[in-house]
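Me: I should like to learn how to read individual features in a structural model. Please give the general idea each time, and then the case at hand.

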Amino acid sequence: MRVVLLERGLPVQRLRGKCKKCKPDSFDCCCKRIIEQQADFKEQRSLVQEVIEAAGHLCIFLLKFHCELNFIEYFWGVVKKYLCEHCDYTFETLKKNMPEALDSVNMQTIRCWEHRMQRWMDAYRNGMETRAAQIHVRNYSSKKYKSHRRIPEQVARAFDQ
Ligand SMILES: [Zn+2]
């Protein structure tokens with residue numbers, strides 16, 4: 001890191017390689033922090049992303065820790081439940097059951113999950129915190145109100161404070 005920074009003419013003579021924990025507002029506490037801010041390092045895509053895009057596909061990273069925004073998680077949940085209910089703890093049975101488990105989910109159900117995910121996204125786009133978004137999605141699902149991609153004003157007002 002030191003050599004790279006020196007090659008770029010950045011003053012790093014008295015800096016350590018990296019802090020145990022960088023200060024959040026620091027820009028030059030250590031070599032690692034400085035290098036992280038270099039444009040070419042910031043814009044570097046991951047190997048996974050490069051391989052996927054080189055094969056002509058889109059690589060879209062979803063938010064970490066927000067499985068509600070990734071409806072394949074609902075799909076995997078049902079597949080795992082199916083496998084669990086039809087399990088005899090042998091690999092042969094697992095291989096036989098996997099395609100059946102995948103086929104057990106119909107397209108209409110998958111579309112419902114997608115719509116639910118859209119409602120989560122709408123709630124977050126409208127500035128709702130997780131709890132408010134959860135209520136919004138639940139109310140929509142239980143048909144307490146019907147609104148396409150719009151949060152009723154009374155719900156939005158309730159979470160303004
Ligand atoms: Zn640092």
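Me: Where does E73 lie?

Reply: Helices (H or I, at least four residues) and strands (E, at least two) are DSSP runs, numbered from the N terminus. In this predicted model, E73 belongs to helix α5. The C-alpha atoms of E73 and W113 are separated by 9.5 Å, although these positions lie 40 residues apart along the chain.

Me: Is E73 buried or exposed, or in between?

Reply: Buried means under 20% relative accessible area, exposed over 50%, and partly exposed in between (1.4 Å probe, protein chains only). E73 has a relative accessible area of 39% and is therefore partly exposed. Of the 161 residues of the protein chain, 28% count as buried.

Me: What conventions govern the numbering and the values?

Reply: Residues are numbered from 1 along each chain as its sequence is written, and side-chain values use heavy atoms, with hydrogens and water left out. As this is a predicted model, local features need pLDDT of at least 70 and side-chain atom pairs count only at pLDDT 80 or more, while totals for chains, interfaces and linings use all residues.

Me: Where is confidence lowest, and where is it highest?

Reply: The term pLDDT denotes the predictor's confidence in each residue, from 0 to 100. The protein chain averages 87, and 87% of the residues score at least 70. The lowest confidence is in helix α9 (residues 153–158), with a mean of 51, and the highest is in helix α6 (residues 91–103), at 97.

Me: How many helices and strands are there in the protein chain?

Reply: The protein chain has nine helices and zero strands. Its pattern along the sequence reads α-α-α-α-α-α-α-α-α. To relate sequence to space, one may examine contacts, where contact means heavy atoms within 4.5 Å. Among contacts in the protein chain with a separation of 6 or more, 35% are between residues 24 or more positions apart.

Me: Which residues does Q49 touch, beyond those up to four places away in sequence?

Reply: Q49 touches C59 and F61 when residues up to four places away are not counted. Q49 is placed in helix α4 and is buried, with a relative accessible area of 17%.

Me: Which protein donors bind the zinc ion?

Reply: Donors are N, O and S atoms within 2.8 Å of the metal (3.2 Å for Na, K and Ca); water is not among the atoms, so sites may look incomplete. Here the zinc ion has the SG atoms of C19, C22, C29 and C30 as protein donors, at 2.2 to 2.3 Å. The spacing of these donor residues in sequence is C-x2-C-x6-C-C. C19 and C30 both lie in the loop between α1 (2–7) and α2 (31–36), so the pair ties together parts that are 11 residues apart in sequence. Both C19 and C30 are buried.

Me: What geometry does the site of the zinc ion have?

Reply: Four donors count as tetrahedral if all angles lie between 85 and 135 degrees. The ideal angle for four tetrahedral donors is 109.5 degrees. The four donor atoms of the zinc ion form angles of 103 to 117°, and the site is tetrahedral.

Me: How many aromatic pairs does a search of the whole structure find?

Reply: Rings of Phe, Tyr and Trp (its six-membered ring) pair if their centres lie within 6.5 Å; planes under 30 degrees apart count as stacked, over 60 as edge-to-face and the rest as tilted. The search finds three aromatic pairs. One of them is the tilted pair of Y74 and W113, at 6.1 Å centre to centre with 35° between the planes. Y74 is in helix α5 (residues 72–85) and W113 in helix α7 (residues 107–125), so this pair ties together parts 39 residues apart in sequence. Y74 is buried at 18% relative accessibility, and W113 is buried at 9%. Another tilted pair is W120 and Y124, at 5.8 Å centre to centre and 35° between the planes. These two are four residues apart in helix α7, and are therefore separated by about one helical turn. W120 is buried at 9%, whereas Y124 is partly exposed at 21%.

Me: Which residue lies over the face of Y74?

Reply: A charge sits over a ring if NZ of Lys or CZ of Arg is within 6 Å of the ring centre and within 35 degrees of the ring normal. R116 lies over the face of Y74, at 4.5 Å from the ring centre.

How values were computed. Tetrahedral: all angles 85-135°; square planar, octahedral: opposite > 155°, others 65-115°.
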